[in-house]
Amino acid sequence: MRFILAAVVSVALSAMSAHTSVAIKDYAFQKPVITVAAGTTVSWTNRDDDPHTVTADDKSFDSKGLGNGDAWTHTFTKPGKYTYHCSAHPFMKGTIIVTEAAKPQ
Amino acid sequence: MKREEFLECMAWCGTGVVYGLSGAGMVGRALADDAASSMPLPDRTFVQISDTHIGFNGKANQDVIATFSQAIDKINALPKPPEFVIHTGDLTHLSKPDQLDTVKQMLGTIKAGAFYAVPGEHDVINDGGAEFFKTFGHPSGNRWFSFDAAGVHALALSNVVDITKGGILGRDQLEWARTDLAKQRQDTPIVIMAHIPLYAVYPDWGWTTDDQMELMDQLRRFDTVTVLNGHIHQVLSKVDGKITFYTAASTAFPQPKPGTAPHPGPLAVPAGELGKLLGIRTVTVHGGSHTIAVADASLAS
């Protein structure tokens with residue numbers, strides 16, 4: 001019985017997607033490089049008065065203009081290295097490294 | 001470029017221009033003006049405004065509509081309506097429909113012969129500029145264009161789309177400029193207008209245009225070239241041979257002097273100081289002599 005319960009919990013957890021967040025502040029992505037498992041949703045929130053964007057270098061994703069307090073999310077489903085920048089301030093750069101999704105035990 | 005080198009350059013480059021604060025605000029004029037005596041042809045004027053950022057609401061200015069209204073009042077109080085007004089970009093803060101509508105209505109109250117605009121990076125941040133060009137672009141639909149007015153041949157350029165470091169003009173625009181400029185006489189005063197500075201003001205903050213040198217090479221054969229930019233929200237000037245560069249004050253908020261802060265951005269100043277750092281620019285083209293006088297008036301003047 002105990003084993004079955006643990007298995008149910010494990011399946012439930014793996015079905016839930018993971019979340020993480022990156023603040024945009026002082027003209028920088030505050031966590032410039034993060035590593036997440038495939039399926040993770042990343043949210044960015046702009047804390048500057050100036051608008052910023054989260055724009056993939058290959059344009060595969062683009063938040064468009066985020067004003068002060070605006071948030072934007074993107075779910076990374078495929079493993080790989082995703083480099084991005086702010087389209088208004090290209091000196092602002094960030095990287096998301098997506099690893100294989102954690103396998104259920 | 002290191003900050004010391006930058007300051008040295010600014011000091012050296014400033015030798016050809018009388019530039020500074022006067023009782024009437026910030027004024028500048030080409031030294032060649034002094035040689036020009038009274039000419040039979042009348043002076044002609046146009047006005048540059050920049051970086052109105054309608055929709056901005058932060059510590060640096062909590063009422064950008066009020067300061068833009070003051071700028072419009074200054075234009076409408078000029079002794080003679082300017083032949084045209086050029087807005088050098090960042091009309092709105094986020095290109096939202098209500099912001100575009102507000103700035104369009106306010107621009108409609110300016111008394112001038114014509115109105116032109118070039119895009120800033122804020123104007124293209126959502127849709128690559130589709131809505132901006134639909135609302136403020138040239139009737140031809142072209143994203144860059146030239147026109148003849150106020151005794152000058154003016155090029156209105158776009159250097160804010162798909163930027164990767166500083167501003168970028170791109171191959172197509174540079175080729176178009178080459179063809180356009182080839183048709184102009186050497187003694188025709190040329191005015192170049194674009195949002196991001198067309199010289200290396202401070203590359204670490206993106207305050208430069210990566211492919212500007214090719215355009216400058218096309219401009220060197222002309223007797224007088226005046227380059228008008230926005231983006232950096234402060235009045236700076238530089239002389240390079242017969243080409244003079246002027247960046248403009250914003251009507252919304254100042255930004256730090258190059259390299260004096262960890263990053264660029266809206267700069268909050270003590271109450272009472274804001275109006276002194278915002279302004280409009282009047283450009284006078286002297287009849288006959290073809291010399292250009294640039295006068296910056298702050299909103300406090």
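**A walk through a two-chain model**

Hi everyone, let's start where the chains meet: 17 residues of chain B are in contact with 16 residues of chain A. On the chain B side of that meeting place, six residues are nonpolar, nine are polar and two are charged. Please keep in mind that this is a predicted model.

Now let's go inside. In soluble globular proteins, nonpolar side chains tend to be buried together. Here, the largest nonpolar core has 86 residues. Which residues have the most contacts inside it? They are B:A156, B:L157, B:I192, B:M193 and B:V227. Strand β8 of chain B, residues 190-194, gives this core its largest share, with five residues. Take B:I192 as an example. Leaving aside residues up to four places away in sequence, B:I192 touches B:L155, B:L157, B:L198, B:V225 and B:V227.

Next, a helix. Helix α5 of chain B covers residues 171-182, twelve residues in total. From its first C-alpha to its last, α5(B) reaches 17 Å, close to the 16 Å expected at 1.5 Å a residue. Its buried residues are B:Q173, B:A177 and B:L181. Why do we say that they line one face of the helix? Looking down the axis of α5(B), the buried residues fall within an arc of 65 degrees, so they share one face. And what do they pack against? Their partners are β7 (152-156) and α6 (212-219) of chain B. Turn to the other side of α5(B), and you find B:R171, B:D172, B:E175, B:T179 and B:A182 exposed.

Let me also point out a loop residue, B:I110. You will find B:I110 between α3 (97-107) and β5 (115-117) of chain B. Is B:I110 buried or partly exposed? It counts as partly exposed, because it has 18 C-beta neighbours inside 10 Å, while 20 or more would make a residue buried. Not counting residues up to four places away in sequence, B:I110 touches B:I72, B:I75, B:N76, B:V85 and B:F115. B:D123 is 13 residues from B:I110 in sequence, and their C-alpha atoms are 20 Å apart in space.

Finally, over to chain A. Four strands there form an open sheet, in the order β3-β8-β7-β5, with mixed pairing. Which strands sit at the edges? Those are β3 (33-37) and β5 (55-56) of chain A, each pairing on one side only. β5(A) pairs with β7 (residues 80-85) of chain A in the antiparallel sense, over two bridges. For A:T55, the bridge partner in β7(A) is A:H85.

Thanks for listening!

Conventions:
Residues numbered from 1 in each chain as written. Chains lettered and ligands numbered in written order. Predicted model: local features only at pLDDT ≥ 70, side-chain atom pairs only at ≥ 80, totals over all residues. Core = buried A, V, L, I, M, F, W, Y, C linked by C-beta atoms within 7 Å. Buried ≥ 20, exposed ≤ 12 C-beta atoms within 10 Å, placed from the backbone. Contact = placed C-beta atoms within 7 Å. Nonpolar A, V, L, I, M, F, W, Y, C, P; charged D, E, K, R; others polar. Expected span 1.5 Å × (residues − 1). Arc of directions from axis to C-beta. Pairing = 2+ DSSP bridges.
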